[in-house]
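Colleague: I'm new to reading protein structures, and I'd like to learn by walking through one with you. Could you show me what to look for?

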Amino acid sequence: MPKVVKQCPVCGKDVKPNGKSDPFCGDRCRTIDLGNWSAEKYVVHSPLTEADEHLDAAQRPDRDEE
């Protein structure tokens, strides 16, 4: 099986699998990411609604239909 190499979401460097800073390459990028969240550079566009939850349940092929 080929080895999958993850990339740091901040700088793009390779990340050690199961490293202490995973999914980041190191503490510096982890801190930069935290700063981005606190500065509201990342945004969740809209909250899930009850209609979204019902839609997801209706599309699951493993549900039991009676």
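Modeller: Sure, let's start with a proline. P23 sits in the loop between β2 and α1. Keep in mind as we go that this is a predicted model.

Colleague: What should I look at around P23, and is the peptide bond from D22 to P23 cis or trans?

Modeller: Look at the omega angle of the bond. From D22 to P23, omega is near 15 degrees, and the bond is cis.

Colleague: D22 has a charged side chain. Which residue forms a salt bridge with D22?

Modeller: For a salt bridge, you look for a side-chain nitrogen of Lys or Arg within 4 Å of a carboxyl oxygen of Asp or Glu. Here K6 pairs with D22, and their closest N and O atoms are 2.9 Å apart. K6 belongs to strand β1, residues 6–7, while D22 is in the loop between β2 (14–15) and α1 (27–38), so the salt bridge ties together parts that are 16 residues apart in sequence. As for exposure, K6 is partly exposed at 38% relative accessibility, and D22 is partly exposed too, at 23%.

Colleague: How many salt bridges does a search of the whole structure find?

Modeller: It finds two. The other pair to look at is K20 with D27, where the N to O distance is 3.6 Å. K20 counts as exposed, with 73% relative accessibility, and D27 counts as partly exposed, with 44%.

Colleague: Let's go back to strand β1. What else is there to see in it?

Modeller: Try Q7, which lies in β1. Q7 is partly exposed, with a relative accessible area of 48%. It's also a good example of sequence distance versus distance in space: Q7 and C25 are 18 residues apart along the chain, and their C-alpha atoms are separated by 7.8 Å.

Colleague: I see several cysteines. How many disulfides does the structure hold?

Modeller: The test is whether two cysteine sulfur atoms come within 2.5 Å. The structure holds zero disulfides. Take C8: the closest cysteine sulfur is in C29, 3.7 Å away, which is too far for a bond. C11 is in no disulfide either, with the nearest cysteine sulfur, that of C25, at 3.5 Å. The surroundings are worth a look as well: C8 is buried at 4% relative accessibility, whereas C11 is partly exposed at 37%.

Colleague: Now the helix. How do I read α1?

Modeller: Start with its length. α1 has twelve residues and spans 16 Å from its first C-alpha to its last, close to the 16 Å expected at 1.5 Å a residue. Next, think about direction: an α-helix has 3.6 residues a turn, so residues three or four places apart point the same way.

Colleague: Which residues of α1 are buried?

Modeller: C29, D33 and N36 are buried. Looking down the axis of α1, you find the buried residues within an arc of 55 degrees, so they line one face of the helix. On the other side of α1, you'll find the exposed residues R28, T31, L34 and S38.

Colleague: What happens just after α1?

Modeller: Check the backbone angle phi there. E40, just after α1, takes a positive phi of about 60 degrees, and it's a residue other than glycine. E40 is found in the loop between α1 and α2, and at 64% relative accessible area it's exposed.

Colleague: Where is N18, whose phi I'd also like to check?

Modeller: N18 is in the loop between β2 and α1. Its phi is near 60 degrees, a positive value in a residue other than glycine. N18 counts as exposed, at 73% relative accessibility.

Colleague: One last thing: the surface. Which residues make a nonpolar surface patch?

Modeller: For that, you look for nonpolar side chains that are accessible and sit within 5 Å of one another. W37, Y42 and V44 make a patch of about 330 Å². Among them, Y42 is in the loop between α1 and α2 (50–59), and Y42 is partly exposed, with a relative accessible area of 32%.

How values were computed:
Residues numbered from 1 in each chain as written. Predicted model: local features only at pLDDT ≥ 70, side-chain atom pairs only at ≥ 80, totals over all residues. Heavy atoms only, no water. Helix = DSSP H or I, 4+ residues; strand = E, 2+ residues; numbered from the N terminus. Buried < 20%, exposed > 50% of the residue type's maximum accessible area, 1.4 Å probe, protein only. Expected span 1.5 Å × (residues − 1). Arc of directions from axis to C-beta. Patch = residues over 30% accessible without salt bridge, like charges linked within 9 Å, V, L, I, M, F, W, Y side chains within 5 Å. Areas by Shrake-Rupley, 256 points an atom, 1.4 Å probe, with all protein chains shown as cover.
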